Amino acid sequence: MAVADRAVVLAEAPAAAGERTKWARRLLRNRNVVIGGSVFLLLVLVALFANALSPYNPTRLYPGQRLKPPGLQNLLGTDEFGRDIASLVLHGSRVSLLVGCVTMVLTSLGGVVIGLIAGYYRRLDIVIMRVMDGLMAFPAILLAIALMAARGPGVWNVILSLSVVYLPRTAMLIRSTALSVRELDYVLAAQALGRSGFGIAFRHILPNCIGPLLVQGTFIFAYAVLAEAILGFLGVGVPPYVPSWGNVIASGKNVIREAFWVSLFPGLALTLSGLSLNLLGDGLRDVLDPRLRVQ
Amino acid sequence: MATYLLRRLLALVPVMLVVVTIVFFLIHLIPGDPVAVILGPEANAQQIEDARRELGLDRPLHEQLVRFYTRLLRGDLGRSYFLDRPVTQALWERTEPTLVLMAGGLFVAVLIGVPSGIVAGAYQGSWWDRGLMTLALLGVCVPGFWLSLNFIYLFSVRLGWLPVAGYASVFQDPVAALRHMLLPAVSLGFNQSALIARIARSCMIEVLRQDYIRTARAKGLAERSVIYLHAFRNALVPVVTVIGITMAILIGGAVVTEIVFNIPGLGRLIISAILRRDYPVVQGVVLVTAAAYMLINLVVDVVYAFIDPRIRYV
């Protein structure tokens with residue numbers, strides 16, 4: 001590295017650190033980010049330490065303890081097989097967060113690649129966008145159900161189906177950002193300097209997409225958690241023996257007359273996760289992408 | 001307007017082609033031999049071979065795709081293995097409950113969403129605004145199917161006011177139909193009312209900042225007249241689009257609500273078809289709902305262009 005280049009890097013380092021502190025401060029000043037982020041962090045910790053926190057093994061059946069109301073022995077009661085609801089809810093968070101997180105990562109990666117190619121290479125844009133339009137033409141949950149019908153139950157099949165369903169949303173967002181950024185002077189300058197299209201797309205256009213991508217990722221996380229629960233409830237998601245919020249709510253449906261608590265608590269957990277992610281998404285949008293702010 | 005409509009209709013053709021192709025490939029996504037999966041472990045080699053020939057799966061892929069397209073153009077969605085009748089007939093029999101449920105859900109969503117959003121927007125920053133928007137946030141986050149279960153527990157099991165589940169045709173017994181449809185429609189519409197309320201509030205705030213509203217206030221009109229005579233009508237224009245989008249979203253929501261309330265509509269048809277591995281029915285329901293979804297979006301765009309002529313020239 002030349003001396004002059006090293007000097008530029010050294011001068012840029014404190015500036016970048018200062019910029020990061022400024023963004024962190026702005027994020028922490030936003031009430032939605034703080035509340036949503038804290039609740040979400042709590043859910044992540046619960047999922048990570050579910051084994052230690054659970055009073056019982058969530059998959060073990062205790063026929064003598066079936067349909068016990070909430071009490072000292074079983075804080076949130078038991079289901080029709082005598083399984084402890086608190087342990088099921090704690091372990092269920094693992095499936096929900098795993099599905100939400102991996103779906104978010106897959107849709108973000110796929111969306112970035114597809115969106116940048118469509119946004120930068122105009123010839124491919126028409127074909128790619130018609131396919132994306134086609135995928136968006138299905139009601140989201142119905143396409144997920146259809147894909148699950150073909151692939152069969154399983155956590156990874158749920159993730160795959162939801163990634164296919166939500167990928168076009170991210171791809172279209174990245175494409176629209178790329179379309180607006182590619183006409184800016186610095187991109188034209190990079191083109192004039194002879195940089196490759198691939199290099200320009202990933203080095204110069206992608207950094208501008210990070211803000212909208214983060215916001216979109218948060219909402220996709222929320223959609224995926226909810227969709228996983230719906231698929232589980234319908235009996236086409238993760239297998240019934242895997243503790244997931246959707247599966248527990250589905251088993252609660254059969255005993256709603258005798259034991260309302262079976263479906264009540266996993267539903268509350270699901271609502272709480274949706275609330276935290278929506279708050280976080282709203283807050284991130286307000287800070288990172290003020291043009292889209294909801295008044 | 002005719003040019004705009006034609007342009008929009010032509011734009012639907014490639015999208016529909018993609019949709020049909022995706023639906024066609026659903027059966028090929030089945031791991032292993034699709035025919036063996038469909039017929040189950042008890043089928044013998046001859047039965048598997050016969051079914052493969054009947055489904056056309058013994059032909060090359062491109063030939064199968066062309067055959068699928070041509071059959072669709074003739075309105076033939078195949079035959080249900082389990083119900084032993086054409087898929088189109090099975091779909092037709094289950095359409096009424098789904099349409100009635102969607103209409104009920106939309107009615108509830110608009111009834112709650114529009115006034116809430118307008119009041120919240122008109123009195124921005126007030127306690128009304130905060131309360132309604134907190135409710136709207138909750139409405140967005142509460143899972144509809146879980147809300148349905150809680151409604152069943154409260155209104156049907158505890159209070160005994162309404163039936164737990166089931167369906168009565170609106171054409172045969174309107175009173176029973178209303179009693180059966182009330183809880184499903186409220187559960188389905190509640191989530192969407194939150195979305196409508198948030199957008200209606202945003203639109204109302206935007207409209208109240210316009211110059212003509214300032215003029216109306218400056219000439220001494222009562223605030224009530226400014227809000228309900230001048231701002232309200234203009235704020236409703238973008239809300240019409242949201243209501244249309246809501247209708248499209250309700251198709252997916254109706255599928256889940258039907259399972260909770262045991263309503264014999266398209267949702268229950270697809271789930272029972274999945275459990276029985278009746279793939280022509282799965283393909284049929286997905287295709288018809290996607291077509292309905294696109295049609296609703298088209299109608300919304302055309303209505304919006306009709307209300308706001310600026311859209312036609314974009």
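Helices here are DSSP runs of H or I with at least four residues, numbered from the N terminus. With that in hand, one small detail can open the tour: helix H11 of chain B is followed by Arg277(B), whose phi is positive, near 55 degrees. Please keep in mind throughout that this is a predicted model.

## The two chains

Let us begin with the overall make-up. Chain A comes to eleven helices and zero strands, so to speak an unbroken α pattern from the N terminus on: α-α-α-α-α-α-α-α-α-α-α. Chain B has twelve helices and two strands, and its pattern along the sequence reads α-α-α-α-β-β-α-α-α-α-α-α-α-α. The table sets some values for the chains side by side.

| Chain | Residues | Buried | Box of C-alpha atoms along the principal axes | Share of contacts (separation of 6 or more) between residues 24 or more positions apart |
|---|---|---|---|---|
| Chain A | 295 residues | 48% | roughly 75 × 45 × 40 Å | 71% |
| Chain B | 314 residues | 40% | roughly 85 × 55 × 35 Å | 72% |

How confident is the predictor in chain A? The mean pLDDT of chain A is 88, and 92% of its residues reach 70 or more. Within chain A, confidence is lowest in helix H1 (residues 3–29), at a mean of 69, and highest in helix H2 (residues 31–48), at 95. Where pLDDT is low, the predicted coordinates should not be read in detail.

## Where the chains meet

The contact between the chains takes 38 residues from chain A and 38 residues from chain B. On the chain A side, the elements that give two or more residues are helix H5 (122–136), helix H6 (140–151), helix H9 (197–234), helix H10 (245–254) and helix H11 (261–288). H6(A) gives the most to this side, with nine residues. Sorted by class, the side of chain A that touches chain B has 24 nonpolar, nine polar and five charged residues.

## A shared core

The largest nonpolar core has 172 residues, and those with the most contacts inside it are Ala144(A), Ile196(B) and Val282(B). H9(A) gives the most to this core, with 20 residues.

Which residues does Val282(B) touch? Leaving aside residues up to four places away in sequence, Val282(B) touches Ala146(A) and Ala149(A) in chain A, along with Leu26(B), Ile270(B), Ala273(B) and Ile274(B) in chain B.

## Two enclosed helices

Two of those partners, Ile270(B) and Ala273(B), are among the buried residues of H11(B). Helix H11 of chain B spans residues 266–275, and because seven of its ten residues are buried, H11(B) is largely enclosed by the rest of the structure. The full set of buried residues in H11(B) is Leu266(B), Gly267(B), Leu269(B), Ile270(B), Ile271(B), Ala273(B) and Ile274(B). These residues pack against H6 and H9 of chain A, together with helix H5 (87–122), helix H10 (223–261) and helix H12 (279–307) of chain B.

In chain A, why is H10(A) described as largely enclosed by the rest of the structure? The reason is that eight of the ten residues of H10(A) are buried. They are Trp245(A), Gly246(A), Asn247(A), Val248(A), Ile249(A), Ala250(A), Ser251(A) and Gly252(A). What covers them includes helix H4 (85–120), H9 and H11 of chain A, together with helix H7 (144–158) of chain B.

## A histidine in chain B

His180(B) is found in helix H8 (residues 174–208) of chain B. Is His180(B) buried or exposed? A residue counts as buried if 20 or more other C-beta atoms lie within 10 Å of its own. His180(B) has 26 such atoms within 10 Å, and is therefore buried. Not counting residues up to four places away in sequence, His180(B) touches Pro163(B), Gly166(B), Tyr167(B) and Ala168(B). The C-alpha atoms of His180(B) and Ile263(B) are separated by 9.2 Å, while the two residues are 83 residues apart along the chain.

## Loops with positive phi

Most residues other than glycine have a negative phi. Leu67(A), however, has a positive phi of about 55 degrees although it is not a glycine. Leu67(A) lies in the loop between helix H3 (50–53) and H4 of chain A, and it counts as partly exposed because it has 15 C-beta neighbours inside 10 Å.

Chain B offers Asn262(B), a residue other than glycine with a positive phi near 55 degrees. Asn262(B) lies in the loop between H10 and H11 of chain B. With 14 C-beta neighbours inside 10 Å, Asn262(B) counts as partly exposed.

Definitions and conventions: Residues numbered from 1 in each chain as written. Chains lettered and ligands numbered in written order. Predicted model: local features only at pLDDT ≥ 70, side-chain atom pairs only at ≥ 80, totals over all residues. Contact = placed C-beta atoms within 7 Å. Nonpolar A, V, L, I, M, F, W, Y, C, P; charged D, E, K, R; others polar. pLDDT = per-residue confidence, 0-100. Buried ≥ 20, exposed ≤ 12 C-beta atoms within 10 Å, placed from the backbone. Core = buried A, V, L, I, M, F, W, Y, C linked by C-beta atoms within 7 Å.
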